[in-house]
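Hi there,

I am handing over the structure we talked about, so that you can look at it alongside my notes. Please open it first and then read on.

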Amino acid sequence: MAPLIETAGPVALRPRPGHETRRPRDFRALRLRVPASVRAVPGARHRVRRSMIEWGWGEQVDTVELLFCELLSNAVTHAAVGARTEETVEVSIRQGPASLIVSVDDPGCAGLPVVADSPVEELAESGRGLLLVEAMASAWGCDRTRQGTRTWFALEEDMSPSAQEDA
């Protein structure tokens with residue numbers, strides 16, 4: 001199985017000639033290339049959780065982890081359908097001054113993910129993932145790319161009273 005490949009750290013911005021560019025001190029990015037295998041999900045989940053803790057997402061770490069796992073699990077499942085064993089899923093996480101955007105790209109099937117339009121059976125093992133993403137994320141979506149499908153979600157920085165006291 002291919003190893004988890006990671007690039008992380010601040011993103012360098014180049015100013016246009018004659019313009020000063022300042023990077024927000026809290027802008028960060030993480031990119032992972034994950035083997036399209038369910039066995040790769042726990043390692044990626046732990047890496048993302050550790051980054052969210054380091055980046056200071058506090059009480060929202062669990063939400064990020066849950067929603068990320070839903071997207072990654074779906075991507076790995078769909079990438080594996082009829083795909084070669086060397087396929088990978090690309091993960092990109094970008095933190096801006098007050099938000100986080102998580103995207104997962106997979107080489108999967110031609111269809112786009114959809115939210116179930118009817119209640120899921122109580123004992124069903126799947127079918128709730130995008131319902132959770134829709135309910136918990138500030139925004140989410142999916143698009144076809146040349147390579148497959150990109151599914152993403154965004155979270156705004158928590159501005160609960162306890163988070164404001166810490167600021």
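Before the details, one term: two strands count as paired if DSSP finds at least two bridges between them. With that in mind, Ser103 stands opposite Trp152 in strand S6. Please keep in mind that this is a predicted model.

Here is the overall picture. The protein has four helices and six strands, and along the sequence they follow the pattern β-β-α-α-β-β-α-β-β-α. Of its 167 residues, 34% count as buried. The accessible surface comes to about 10500 Å², and 52% of that belongs to carbon and sulfur atoms. If you take the contacts between residues at least 6 apart in sequence, 62% of them join residues at least 24 apart.

Now to strand S4, where I spent my time. S4 covers residues 99-106, and seven of its eight residues are buried, so the strand is largely enclosed by the rest of the structure. The cut-off behind that statement is that a buried residue has under 20% relative accessible area.

Which strands pair with S4? One of them is S3 (residues 88-95), which runs antiparallel to S4 and is joined to it by six bridges. The connection between S3 and S4 is a hairpin of three residues. Within this pairing, Ser92 stands opposite Ser103 of S4.

S4 also pairs with S6 (residues 149-156), again in the antiparallel sense, and here there are eight bridges. Besides the Ser103 and Trp152 pair, you can look up Val102, whose bridge partner in S6 is Phe153. Ser103 is therefore a handy residue to start from, as it stands opposite Ser92 on the S3 side and opposite Trp152 in S6. As you go along, it may help to recall that in a regular strand the side chains alternate between the two faces of the sheet.

From S6 you can step on to S5 (residues 139-144), as these two strands pair in the antiparallel sense over six bridges. Ala139 stands opposite Ala154 in S6, and S5 and S6 form a hairpin with four residues between them.

To follow the pairings in the viewer, go from S3 to S4, then from S4 to S6, and then from S6 to S5.

Happy exploring, and best wishes

Definitions and conventions: Residues are numbered from 1 along each chain as its sequence is written. This is a predicted model: local features need pLDDT of at least 70, side-chain atom pairs count only at pLDDT 80 or more; totals for chains, interfaces and linings use all residues. Side-chain values use heavy atoms; hydrogens and water are left out. Buried means under 20% relative accessible area, exposed over 50%, partly exposed in between (1.4 Å probe, protein chains only). Contact means heavy atoms within 4.5 Å. Accessible areas come from the Shrake-Rupley method with a 1.4 Å probe; for residues, only the protein chains shown count as cover.
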